[in-house]
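Trainee: Please take me through a close look at a single part of this structure, and then show me how that part sits within the rest of the chain.

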Amino acid sequence: MEADPNPTRKNVFSEEKALTDDDIKKWCKQANLKYNVVDLDKLTTAKSRYCFVFTGNEENPVNKGNDHHWLFLDGKYLFDSYGNPKSYDLPEGFSMIDNNPRQLQQYNSTVCGEYCCAFYEFCSKNRSIKPEDIGEEFSDEFGLTGNRSKNDKIVYEWFHKFDKEDGKKSESGSEEGSKV
């Protein structure tokens, strides 16, 4: 496993704009995937198998100070690009997906939303993978390793290729979006 040569250096994605609800909604429309969001403190109200989970705009006991972060819910399993299951007080019956490697995203970067979108697309295409294997399979498919800076770049570029495709559609006069 390739190690991050300097995991504490300033991340190139720390100055990028983090994804908003609208960004995720636009991506889901382009990817032809349903869009659901639930706040972490209301996780038990999730009505869909797949949900983007927002940790909140302020520190609270549920997010243990991890505000402004996206997680992704697949059934009763949560994906966290930081891979830290002790960072949240999850309701009974919910658990974190075991990422391989444990932490994919570098701290002080803003690509958690991009990771969640990549994970959602992966889950929607690989429904037969057992929950205990999905983190490792996801990492393998995207080529994610212990080098968090490299992982962030891979996932950021994967997500933002959709921006380029959207721009091409607009330039050619085609309709934007998908048939959701």
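Mentor: Contact here means heavy atoms within 4.5 Å. Because this is a predicted model, local features need pLDDT of at least 70 and side-chain atom pairs count only at pLDDT 80 or more, whereas totals for chains, interfaces and linings use all residues. Residues are numbered from 1 along each chain as its sequence is written, and side-chain values use heavy atoms, with hydrogens and water left out.

Let us take Phe54 and then Thr55. Not counting residues up to four places away in sequence, Phe54 touches Val38, Asp39, Leu40, His68, His69 and Trp70. Phe54 belongs to strand β2, which covers residues 50–54; helices (H or I, at least four residues) and strands (E, at least two) are DSSP runs, numbered from the N terminus. With a relative accessible area of 16%, Phe54 is buried, a word that means under 20% relative accessible area, with exposed meaning over 50% and partly exposed lying in between (1.4 Å probe, protein chains only). Leu40 lies 14 residues from Phe54 along the chain, and the C-alpha atoms of the two are separated by 5.8 Å.

Thr55 is located in the loop between β2 and β3, and Thr55 also counts as buried, because its relative accessibility is 3%. Beyond the residues up to four places away in sequence, Thr55 is in contact with Leu40, Asn60, Asn63, Asn66, Asp67, His68, His69, Leu71 and Tyr88. Of these partners, Asn66 is eleven residues away along the chain, with 6.8 Å between its C-alpha atom and that of Thr55.

Now for the wider setting. The protein chain has four helices and five strands, which follow the pattern α-β-β-β-β-β-α-α-α along the sequence. Of its 180 residues, 44% count as buried, and among contacts with a separation of 6 or more, 58% join residues 24 or more positions apart.

A nonpolar core is a set of buried Ala, Val, Leu, Ile, Met, Phe, Trp, Tyr and Cys residues joined through side-chain atoms within 4.5 Å. In the largest such core, which holds 32 residues, Trp27, Phe52, Phe79 and Phe138 touch the most other members. The elements that give this core two or more residues are α1 (21–31), β2, β3 (70–74), α2 (112–125), α3 (131–142) and α4 (148–171), and α2 provides the largest share, nine residues. Apart from this core lies another, of eleven residues, including Val38, Leu40, Val53 and Phe94.

The helices α2 and α3 deserve a final look. Their axes come within 11 Å and cross at roughly 105°; axes are lines fitted to C-alpha atoms, for helices over the stretch in contact, and angles run from 0 to 180 degrees between N-to-C directions. Therefore α2 is roughly perpendicular to α3, since angles under 35 degrees count as roughly parallel, over 145 as roughly antiparallel, 65 to 115 as roughly perpendicular and the rest as oblique. Tyr115, Ala118, Phe119, Phe122 and Cys123 of α2 make this contact with Ile134, Glu137, Phe138, Glu141 and Phe142 of α3. The contact residues divide into eight nonpolar, no polar and two charged, where Ala, Val, Leu, Ile, Met, Phe, Trp, Tyr, Cys and Pro count as nonpolar, Asp, Glu, Lys and Arg as charged, and the others, Gly among them, as polar.
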